[in-house]
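Student: I should like to understand how the terms used for a structure follow from their definitions. May we go through an example together?

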Amino acid sequence: MKVDVLLGLQWGDEGKGKVVDVLTPRYDVVARFQGGPNAGHTLEFEGQKYVLRSIPSGIFQGDKVNIIGNGVVLDPALFKAEAEALEASGHPLKERLHISKKAHLILPTHRILDAAYEAAKGDAKVGTTGKGIGPTYTDKISRNGLRVGDLLHDFDRKYAAAKARHEQILKSLNYAYDLTEMEQAWMEGIAYLRQFHLVDSEHEVNGLLAAGKSVLCEGAQGTMLDIDFGSYPFVTSSNTVCAGACTGLGIAPNKIGEVYGIFKAYCTRVGAGPFPTELFDETGDKIGALGHEFGAVTGRKRRCGWIDLVALKYSVMINGVTKLIMMKSDVLDTFATIKACVAYKVNGEEIDYFPYDITEGVEPVYAELPGWQTDMTKMQSEDEFPEEFNAYLSFLEEQLGVPVKIVSVGPDREQTIERYNEE
Ligand code: GDP
Ligand code: IMO
Ligand code: MG
């Protein structure tokens with residue numbers, strides 16, 4: 001059996017949680033492969049709304065196995081809060097959720113270091129989610145990290161050593177903090193985590209595949225936030241791209257099947273960093289208002305702009321996307337004209353490839369398409385799509401060279417339309 005991967009092609013918040021939930025019935029296993037509680041994946045069904053941060057979005061559908069892979073960084077305190085809320089809402093998960101022993105732990109001091117590093121950067125700050133993501137991955141790469149598997153042996157000593165090391169750094173940064181409350185919640189989280197199946201997830205996933213089971217990998221963040229290929233240094237600290245599913249779960253590259261690339265019909269970004277198609281006018285405000293563009297976790301206002309096909313083409317290339325999924329089409333329902341960036345002007349020269357640096361002097365070149373000016377939110381099939389909407393889809397498919405297989409017309413599970421087009 002092959003493994004399919006679903007990941008974001010823009011700067012995150014494309015709607016990954018919603019679509020993973022919709023696709024889950026077709027799979028036996030759903031697995032997260034990177035990121036941590038910086039993610040906020042929203043699902044809506046039966047009048048309820050849920051936001052998942054570390055738990056895979058396959059958790060609501062039947063008895064599917066959900067795995068938190070080795071590439072994920074886990075904060076036990078936040079995990080406990082998230083899992084307990086789900087259990088309280090009638091979704092028991094202890095038997096269905098397996099956690100890799102190789103996943104790294106976010107310590108309270110990692111969160112403080114995140115804040116301290118951001119403060120030290122001043123105006124150049126990344127605008128992180130403040131969840132300790134960067135410092136935790138830094139410790140992983142510098143071989144100082146604490147892993148879930150460490151819970152099983154000599155944990156207190158290892159924790160104390162890591163904390164002491166962090167406190168040294170904080171002292172050198174002259175950063176004032178109070179750990180007491182955070183540490184208590186964290187220790188409660190550690191005790192809670194011990195009740196779960198802590199597994200060698202690479203063996204589990206490969207064993208399931210050998211037994212003919214199907215796996216859907218759920219990405220967090222988006223390609224433009226990838227540590228290698230994103231708008232560095234305004235990125236997250238993991239590989240959000242398809243290759244991250246291989247390293248974050250122990251899946252061999254030749255086992256990857258479909259790569260679902262998900263994008264919004266426009267574009268958003270939260271936090272600092274370049275965003276060539278960002279709109280600072282009332283059109284941007286209108287997209288933000290209609291799309292409710294506020295962070296699922298932090299509540300921060302998301303910056304809004306037109307779709308950027310130069311960046312999307314790059315994402316399609318890096319990930320080997322085989323199927324596209326377009327989200328939030330309904331947000332553009334009332335626009336008379338829709339713009340799509342097809343090239344960048346850099347120093348007066350037009351380029352159609354994603355350059356090394358997009359920090360400054362990048363001016364978007366737009367194609368303009370007529371809007372469909374039709375309420376799409378109740379549509380059930382592509383037969384109902386307005387002509388102008390079909391023209392927008394065809395334009396995107398032509399530019400990106402990949403078919404759009406799913407269109408989302410609202411936040412609810414039911415507001416999802418699969419297209420019949422065959423490659
Ligand atoms: P994720 O991080 O990729 O899972 O996305 P988020 O959950 O952070 O952000 C997507 C937001 O858009 C959530 O509030 C969703 O409920 C909402 N959403 C998803 N699909 C659609 C859609 O097609 N139309 C509208 N209007 N909202 C959507
Ligand atoms: P989901 O999975 C949108 C952004 C932050 C910041 C940068 C680095 O919901 O799409 P970090 O805390 O990771 O060190 O922050 O990345 N960021 C996200 N933006 N969606 C996310 O996740 C994000 N996770 C991190 O805003 O700019
Ligand atoms: Mg999100």
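Tutor: Certainly; please keep in mind that this is a predicted model.

Student: Which residues come nearest to ligand 2?

Tutor: Asp13, Lys16, His41, Thr129 and Thr236 come nearest, out of 21 residues around ligand 2. A residue counts as near if one of its heavy atoms lies within 4 Å of the molecule. By class, this shell holds eight nonpolar, ten polar and three charged residues.

Student: What makes the approach of threonine 236 to ligand 2 a polar contact?

Tutor: An N or O atom in the side chain of threonine 236 is 2.6 Å from an oxygen atom of ligand 2. The cut-off for a pair of N or O atoms is 3.5 Å, so this pair qualifies. A backbone N or O atom of glutamine 221 lies 2.8 Å from an oxygen atom of the ligand, and for valine 270 the corresponding backbone distance is 3.1 Å; these pairs are therefore polar contacts as well.

Student: How much of ligand 2 does the protein bury?

Tutor: Ligand 2 exposes 550 Å² when taken alone, and the protein buries 98% of that. The space that ligand 2 takes is the largest pocket.

Student: Why is another space called a cavity rather than a pocket?

Tutor: A cavity is so called because a 1.4 Å probe fits there but cannot get out, whereas a pocket is open. One cavity of 30 Å³ or more is counted, and the largest cavity has a volume of about 40 Å³.

Student: What lines the largest cavity?

Tutor: Its lining includes Trp11, Cys267 and Asp308, and divides into six nonpolar residues, one polar and one charged. Asp308 is charged by definition, because Asp belongs to that class.

Definitions and conventions. Residues are numbered from 1 along each chain as its sequence is written. Chains are lettered from A and ligands numbered from 1 in the order in which they are written. This is a predicted model: local features need pLDDT of at least 70, side-chain atom pairs count only at pLDDT 80 or more; totals for chains, interfaces and linings use all residues. Side-chain values use heavy atoms; hydrogens and water are left out. On a 1 Å grid over the protein atoms alone, a cavity is a set of points where a 1.4 Å probe fits but cannot get out, and a pocket is an open set with protein on both sides within 12 Å along at least five of seven lines; lining residues have an atom within 4 Å of a point. Grid points are joined across faces, edges and corners, and a volume is the space filled by probe spheres set on the points. A polar contact is a pair of N or O atoms within 3.5 Å; within protein, one must be able to donate a hydrogen and the other to accept it, and residues adjacent in sequence count only if both atoms are side-chain atoms. Accessible areas come from the Shrake-Rupley method with a 1.4 Å probe; for residues, only the protein chains shown count as cover. A molecule sits in a cavity or pocket if more than half of its atoms lie within 2 Å of its grid points.
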